[in-house]
Amino acid sequence: MRCFSYRVAHLIRLCFVCVYLFINYGSAGKMKIVEEPNTFGLNNPFVAQGSRLQPKVTPAPVSGPVHLHQLAGKCFSLTESTYKYEFCPFHNVTQHEQTFRWNAYSGILGIWQEWEMANNTFTGMWMRDGDTCGNRNRETKVILVCSTRSKLAQVSEPSTCVYSLTFETPLVCHPHSLLVYPTLKEELQKEWDEAEQARYEGLITEQGYNNLLKDIFEDAGLLKSRKVKVKVQEAAADSERQNSLEKCKADYQKLREETERLRALLTQHNIPFTSETNDGKGTVSVTVKDQHLRGDNGLIDVQ
């Protein structure tokens with residue numbers, strides 16, 4: 001009886017094994033693969049800091065239309081082929097290869113930097129300074145499109161290392177939802193009004209007008225400030241002027257020393273001369289009293 005019970009138990013175990021193999025391998029002979037997100041994500045709080053992707057720069061402050069600020073802190077993903085893309089507004093864009101290769105790619109396609117604007121309209125969000133790609137950094141432009149719900153809809157790579165993301169959201173469906181002027185402070189709006197008036201009256205060129213707008217947008221935090229670069233260039237120019245001044249002083253000193261040497265030479269050979277200053281700047285004119293210089297025995301032409 002005991003032997004019979006043992007055989008029944010063994011048979012039951014074999015049945016369970018057969019069922020398990022059928023479920024996992026199936027009739028096509030393929031093992032079922034569960035697609036899990038890459039664990040090296042930049043925004044994964046459950047991954048150790050040392051294992052996360054390391055950004056080169058910190059994201060710029062949240063800016064632009066106030067109603068879009070609610071997207072900060074959220075992330076939206078899209079899986080295409082073997083890659084999963086993750087867009088975190090006002091933070092970053094990442095790409096993760098969804099395979100089990102030992103060197104599966106996982107990288108940063110851009111860190112939030114600035115808005116793209118044209119004709120008083122926000123036309124895109126620029127994520128720059130991503131992972132190195134050849135001799136440049138990866139960057140991504142995010143285009144905002146009206147839709148019934150917020151989602152990452154499309155990803156493409158128009159040119160090498162430059163990506164384009166289409167983000168759909170109901171937050172941009174209103175006709176005025178992406179206007180630039182209303183997002184500015186009152187003093188910056190006044191500056192824009194003055195620039196518009198000056199362009200209308202022909203007081204500034206189109207290029208001058210655009211430069212004024214860039215300054216306004218930088219002050220508003222909508223564009224990444226280039227003023228640091230300008231200050232560096234000004235410092236370089238000041239340094240160059242300082243170097244030119246030092247060179248001028250050195251040349252003047254050499255000229256003064258040469259003048260003193262020539263004075264001493266004339267005095268040594270008993271050649272009379274007068275020294276006159278011009279406006280106190282120390283220039284010297286020499287007037288020879290005798291037309292026969294030392295060592296010159298030639299006749300004087302009296303004609």
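How many residues does helix 3 have, and how far does helix 3 reach from its first C-alpha to its last? Helix 3, residues 206-219, has 14 residues and reaches 20 Å. That is close to the 20 Å expected at 1.5 Å a residue. The expected span here is 1.5 Å times one less than the number of residues in the helix.

Some ground rules before we go on. This is a predicted model, so local features need pLDDT of at least 70, side-chain atom pairs count only at pLDDT 80 or more, and totals for chains, interfaces and linings use all residues. Residues are numbered from 1 along each chain as its sequence is written, and side-chain values use heavy atoms, with hydrogens and water left out.

Helices and strands are DSSP runs, numbered from the N terminus: H or I over at least four residues for a helix, E over at least two for a strand.

Back to helix 3. Which of its residues are buried? They are Tyr209, Leu213, Ile216, Phe217 and Glu218. Buried means under 20% relative accessible area, exposed means over 50%, and partly exposed is in between, with a 1.4 Å probe and protein chains only. Just after helix 3 comes Gly221, with a positive phi of about 80 degrees.

Now the sheet. Eight strands form an open sheet, with mixed pairing. The order is 1-2-3-4-5-8-10-9. At the edges sit strand 1 (76-80) and strand 9 (151-159), and each pairs on one side only. On average, neighbouring strands of this sheet are turned by 25 degrees against each other, direction ignored. For such angles, axes are lines fitted to C-alpha atoms, for helices over the stretch in contact, and angles run from 0 to 180 degrees between N-to-C directions.

What counts as pairing? Two strands pair if DSSP finds at least two bridges between them. In general, strands of a sheet pair through backbone hydrogen bonds, either parallel or antiparallel.

Start at one edge. Strand 1 and strand 2 (residues 83-88) run antiparallel, joined by five bridges. Thr79 has Lys84 in strand 2 as its bridge partner.

Move along to strand 4 (residues 106-118) and strand 5 (residues 121-128). They pair in the antiparallel sense over seven bridges. One bridge partner to find is Thr121 in strand 5, which partners Ala118. The two strands form a hairpin with two residues between them. In that turn, Asn119 has a positive phi of about 55 degrees.

Strand 4 also holds Ser106. Is Ser106 buried or exposed? Ser106 counts as buried, at 15% relative accessibility. Its side chain makes a polar contact with the side chain of His96, at 2.6 Å. A polar contact is a pair of N or O atoms within 3.5 Å; within protein, one must be able to donate a hydrogen and the other to accept it, and residues adjacent in sequence count only if both atoms are side-chain atoms.

One step further, strand 5 pairs with strand 8 in the antiparallel sense over three bridges. There, Met125 has Val142 in strand 8 as its bridge partner.

Last topic: the disulfides. A disulfide is a covalent bond between the sulfur atoms of two cysteines. The rule used here is a pair of cysteine sulfur atoms within 2.5 Å. By this rule there are three.

Take Cys75 and Cys88, with S to S at 2.0 Å. The link is right-handed, with 105 degrees about the S-S bond. Cys75 lies in the loop between helix 1 (2-25) and strand 1, and Cys88 in strand 2, so the pair ties together parts 13 residues apart in sequence. Cys75 is partly exposed, at 37% relative accessible area, whereas Cys88 is buried, at 2%.

Next, Cys133 and Cys161, with S to S at 1.7 Å. This link is left-handed, with -45 degrees about the S-S bond. Cys133 lies in strand 6 (residues 132-133) and Cys161 in the loop between strand 9 and strand 10 (162-169), so parts 28 residues apart in sequence are tied together. Both cysteines are buried.

Then Cys146 and Cys173, with S to S at 1.9 Å. The link is right-handed, with 95 degrees about the S-S bond. It joins distant parts of the chain, 27 residues apart: Cys146 in strand 8 (residues 139-146), and Cys173 in the loop between strand 10 and helix 2 (186-200). Cys146 is partly exposed at 43%, and Cys173 is partly exposed at 37%.

How do the bonded cysteines pair, numbered in sequence order? The pairing is 1-2, 3-5, 4-6.
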